[in-house]
Amino acid sequence: MKKIICKVEYDTEAAELVKKNAVGAFGDPAGYEESLYKTADGKFFLYVNGGEESIYPTENIKRMSAAKAEEWLASVNA
């Protein structure tokens, strides 16, 4: 997926996958996936997608600061 945020393109195909977090089983309407990516120039973003009843009912990309990315990683690894 590609998305432009504040004139910066974030692309899951071109960035490095750092960590993926899946909640629920495949096909679960409340399940979702979060994937943290890092671009070649060091920017972080979270790709999210989930079932119709999840917190991410539509596919999206959210940019993140390095500090927020570290917080997210710590919460997933806890």
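This is a short talk on the fold, the salt bridges and one loop serine of the chain shown above.

Hi everyone, and thanks for coming. Please keep in mind throughout that we are looking at a predicted model.

Let's start with the overall layout. The chain has one helix and six strands. If you walk along the sequence, the order is β-β-β-β-β-β-α, so the helix is what you meet after the strands. How does the radius of gyration compare with that of a compact globule? For 78 residues, such a globule would have a value near 12 Å, and the chain, at 13 Å, agrees with that. Along the principal axes, the C-alpha atoms fill a box of roughly 35 × 30 × 20 Å.

A few words on the surface and the interior. Of the 78 residues, 33% count as buried. The accessible surface of the chain is about 5100 Å², and carbon and sulfur atoms hold 50% of that. As for contacts, if we take those with a separation of 6 or more, 32% come from residues 24 or more positions apart.

Now to the N-terminal end of the chain, where we have a hairpin. Strand β1, residues 2-5, pairs with strand β2, residues 8-11, in the antiparallel sense, and four bridges join them. To pick out one of the bridge partners, K3 is matched with Y10 in β2. The hairpin has two residues between its strands, and C6 takes a positive phi there, near 50 degrees. If you have the structure open, do have a look at that spot.

Next, the salt bridges. How many salt bridges are there in this model? The count is three, and we can visit each in turn.

One is between E33 and K20, with the closest N and O atoms 3.8 Å apart. This pair links distant parts of the chain: E33 belongs to strand β4, residues 32-38, K20 belongs to strand β3, residues 16-23, and the two are 13 residues apart. Are these residues buried or exposed? Neither, in fact: E33 is partly exposed, with a relative accessible area of 33%, and K20 is partly exposed too, with 47%.

Another joins the side chains of D41 and K43, at 3.1 Å from N to O. Here D41 counts as exposed, because its relative accessibility of 56% is over the 50% mark. K43, with 32%, is partly exposed.

The remaining one sits in the helix. K68 forms a salt bridge with E71, and the closest N and O atoms are 3.8 Å apart. Both residues lie in helix α1, residues 66-77, and they are three residues apart, about one turn of the helix. K68 counts as partly exposed, with a relative accessibility of 46%.

K68 also brings me to my last stop, which is S65. Where is S65 found? It is in the loop between β6, residues 60-64, and α1. A polar atom of the S65 side chain lies 3.1 Å from the backbone nitrogen of K68. So K68 takes part in two things here: its backbone nitrogen has that contact with S65, and its side chain has the salt bridge with E71. S65 itself is partly exposed, at 37% relative accessible area. In space, S65 and F44 are 6.3 Å apart, C-alpha to C-alpha, while in sequence they are 21 residues apart.

That's the tour, and I'm happy to go back to any part of it on the screen.

Technical notes. Residues are numbered from 1 along each chain as its sequence is written. This is a predicted model: local features need pLDDT of at least 70, side-chain atom pairs count only at pLDDT 80 or more; totals for chains, interfaces and linings use all residues. Side-chain values use heavy atoms; hydrogens and water are left out. Two strands pair if DSSP finds at least two bridges between them. A salt bridge is a side-chain nitrogen of Lys or Arg within 4 Å of a carboxyl oxygen of Asp or Glu. Buried means under 20% relative accessible area, exposed over 50%, partly exposed in between (1.4 Å probe, protein chains only). The radius of gyration is taken over C-alpha atoms; the globule rule is 2.2 Å times the number of residues to the power 0.38. Contact means heavy atoms within 4.5 Å. Accessible areas come from the Shrake-Rupley method with a 1.4 Å probe; for residues, only the protein chains shown count as cover. A polar contact is a pair of N or O atoms within 3.5 Å; within protein, one must be able to donate a hydrogen and the other to accept it, and residues adjacent in sequence count only if both atoms are side-chain atoms.
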